[in-house]
Amino acid sequence: MLGEFRVFLQSLPDVADITENNGIMTFQYKGYAFLFVWNEQDAPYIRLMLPKIATKDNLKEGVKILDVINEYNKKYKTIKMCLLDEYIWLSIEQFIYSSDGAQDLFSRIMSILVLALEDFRHEYWKL
């Protein structure tokens, strides 16, 4: 799926700074830093991430981070929001067995991650 994803990114006007290294592609989309992870030994599996979207210090006073993570994992059923070290990350993982419709799936995955991030920042981000 790496080749299909690369072609997809190159078709988008809002993508910049695409780099690939050791199974990880990094790129900017609409000002957000994304990671695309794949594994040659498990070719159908992909993971698209928005890393380090926030720390506890970025959140409004009194917000319980684990409650927020649980809320977002229920609200956006396809995403995983998790706490790694002190950072909150968003990701979507998929198995894609055919390139038919892959471009639409990639677009949908990216839009869901951006929507969840913007919703999260609107609700919980300290101004």
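This report describes one helix, one arginine and the aromatic rings of a predicted model.

Helix 3 covers residues 102-124, and because its 23 residues at 1.5 Å a residue should span 33 Å, the 33 Å found between its end C-alpha atoms agrees with that expectation. The buried residues of this helix are Ala102, Phe106, Ile109, Met110, Ile112, Leu113, Val114, Ala116, Leu117, Asp119, Phe120 and Tyr124. In general, an α-helix has 3.6 residues a turn, so residues three or four places apart point the same way.

Arg6 belongs to helix 1, which runs over residues 2-10, and with a relative accessible area of 28% Arg6 is partly exposed. Leaving aside residues up to four places away in sequence, Arg6 touches Glu20 and Met25; Glu20 is 14 residues from Arg6 in sequence, and the two C-alpha atoms are 9.9 Å apart in space.

The aromatic pairs come to 14. One of them is the stacked pair of Phe95 and Tyr97, with 6.3 Å from centre to centre and 15° between the planes. Phe95 counts as partly exposed, at 47% relative accessibility, whereas Tyr97 counts as exposed, at 68%. Ring pairs also link Phe5, Phe8, Phe27, Tyr29, Phe34, Phe36, Trp38 and Phe106 into a cluster, and Phe106 is among the buried residues of helix 3.

Two charged side chains lie over aromatic rings, as the table shows.

| Charged residue | Ring | Distance to ring centre |
|---|---|---|
| Lys52 | Tyr87 | 4.8 Å |
| Arg121 | Trp125 | 4.7 Å |

Terms used. Residues are numbered from 1 along each chain as its sequence is written. This is a predicted model: local features need pLDDT of at least 70, side-chain atom pairs count only at pLDDT 80 or more; totals for chains, interfaces and linings use all residues. Side-chain values use heavy atoms; hydrogens and water are left out. Helices (H or I, at least four residues) and strands (E, at least two) are DSSP runs, numbered from the N terminus. The expected span of a helix is 1.5 Å times one less than its number of residues. Buried means under 20% relative accessible area, exposed over 50%, partly exposed in between (1.4 Å probe, protein chains only). Contact means heavy atoms within 4.5 Å. Rings of Phe, Tyr and Trp (its six-membered ring) pair if their centres lie within 6.5 Å; planes under 30 degrees apart count as stacked, over 60 as edge-to-face and the rest as tilted. A charge sits over a ring if NZ of Lys or CZ of Arg is within 6 Å of the ring centre and within 35 degrees of the ring normal.
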